Amino acid sequence: MGFSAGLSTQTSPSRTFHHGADLDALNQRFKSSKPSEIMAFTIAEAENPVVFTNFRPLAIAFLHLVTRAKPDIPVIWVDHGYNTPETYRHIEKVIKLLNLNLHTFSPKMSAAHYNAVYGGIPPLDTPEHDFFSRTVKLEPFNRAMQELKPDVWLNGIRHDQNAHRQGLDIFTKGNHGTIRVAPMFHLKEIDVEEYVYDNDLPDNDVYFDPTKGEEHRECGLLLQK
């Protein structure tokens, strides 16, 4: 599957994206489309789209793709406070490179405060870790969605990332009444690596997500209803 195509966004917005929409028909229509074609359609039809990113490895490809279609799209980033120094430096570089319209949301309790009170990141699969995830990621994300009130949540997930995502699709129902759109859903990791290389984009190789622990574990945002 090719990665790019024309990015015309000249059609007028409509109520294409709502929880009563025929997403099966949209997924069938676009199952063989290029990511840029899916992106162009979404940007043309959405009333208030947003992007979520965590600046993980290869996330730069999706950010580059979406900002080509809509340079001023709001980009939501939850800064949980546990990122590596390399990630923070990478973020500053990407903000300047893509001129991101970045909206940063942080937990109400800082990482230093949490560590002092609760003793650091708790073990996975415990009630304490569930509380930690809600505190440092889910609450700030939900606050972002409530503040920006999007109808479409664009994200860079792919089917090959973990078992949960294999059961999703390009167009799915998200929380806060949104439709989640994943233009790169049917790509493989090698496709994204090639896009980063071909476009000479900086990548983030030293990344840590304290809510996941393991690369193929779901972080929680996609599990919310």
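The following paragraphs describe the fold, the burial of selected residues, the salt bridges and the surface patches of a predicted model.

The protein contains eight helices and six strands, and from the N terminus on these elements follow one another in the order α-α-β-α-β-α-β-α-α-β-α-β-β-α. Of its 225 residues, 53% count as buried. Among the contacts with a separation of 6 or more, 80% are accounted for by residues 24 or more positions apart. The accessible surface of the protein comes to about 10,700 Å², and carbon and sulfur atoms contribute 49% of this area.

Within this arrangement, Trp-77 lies in strand E2, which spans residues 74-78. Trp-77 counts as buried because its relative accessible area, 6%, is under the 20% limit. When residues up to four places away in sequence are left aside, Trp-77 touches Thr-53, Asn-54 and Phe-55, together with Asn-83, Tyr-88, Ile-91, Leu-102, His-103, Thr-104 and Phe-105. Trp-77 is also separated from Lys-137 by 60 residues in sequence, while the C-alpha atoms of the two residues are 9.8 Å apart in space.

Side chains of opposite charge can pair when their charged atoms come close. A search of the whole structure finds five salt bridges, including one between Asp-209 and Lys-137, in which the closest N and O atoms are 2.7 Å apart. Asp-209 is located in the segment after H8, whereas Lys-137 belongs to helix H6 (residues 127-148), so this pair ties together parts of the protein that are 72 residues apart in sequence. Both partners, Asp-209 and Lys-137, are buried.

Helix H6 also carries a salt bridge between Glu-139 and Arg-143, with a distance of 2.7 Å between the closest N and O atoms. Because Glu-139 and Arg-143 are four residues apart in this helix, about one helical turn separates them. Glu-139 is partly exposed, with a relative accessible area of 25%, and Arg-143 likewise counts as partly exposed, at 23% relative accessibility. These two residues are linked with Lys-108 in a network of salt bridges.

Another of the salt bridges joins Lys-70 to Asp-72, the closest N and O atoms being 3.3 Å apart. Lys-70 has a relative accessible area of 25% and is therefore partly exposed, and Asp-72, at 48% relative accessibility, is also assigned to the partly exposed class.

On the surface, a patch of negative charge is formed where Glu-189, Glu-193, Glu-194 and Asp-198 gather. Of these residues, Asp-198 is found in helix H8, which covers residues 189-198. The relative accessible area of Asp-198 is 62%, and this residue is classed as exposed because the value is over 50%.

A nonpolar patch is also present on the surface, where Val-117, Tyr-118 and Phe-131 together make up an area of about 270 Å². Val-117 has its place in helix H5, which comprises residues 111-118. With a relative accessibility of 49%, Val-117 counts as partly exposed, because exposed residues are those over 50%.

Definitions and conventions. Residues numbered from 1 in each chain as written. Predicted model: local features only at pLDDT ≥ 70, side-chain atom pairs only at ≥ 80, totals over all residues. Heavy atoms only, no water. Patch = residues over 30% accessible without salt bridge, like charges linked within 9 Å, V, L, I, M, F, W, Y side chains within 5 Å. Areas by Shrake-Rupley, 256 points an atom, 1.4 Å probe, with all protein chains shown as cover. Salt bridge = Lys/Arg side-chain N within 4 Å of Asp/Glu carboxyl O. Lys, Arg positive; Asp, Glu negative; His and termini not counted. Charge placed at Lys NZ, Arg CZ, Asp CG, Glu CD. Helix = DSSP H or I, 4+ residues; strand = E, 2+ residues; numbered from the N terminus. Buried < 20%, exposed > 50% of the residue type's maximum accessible area, 1.4 Å probe, protein only. Contact = heavy atoms within 4.5 Å.
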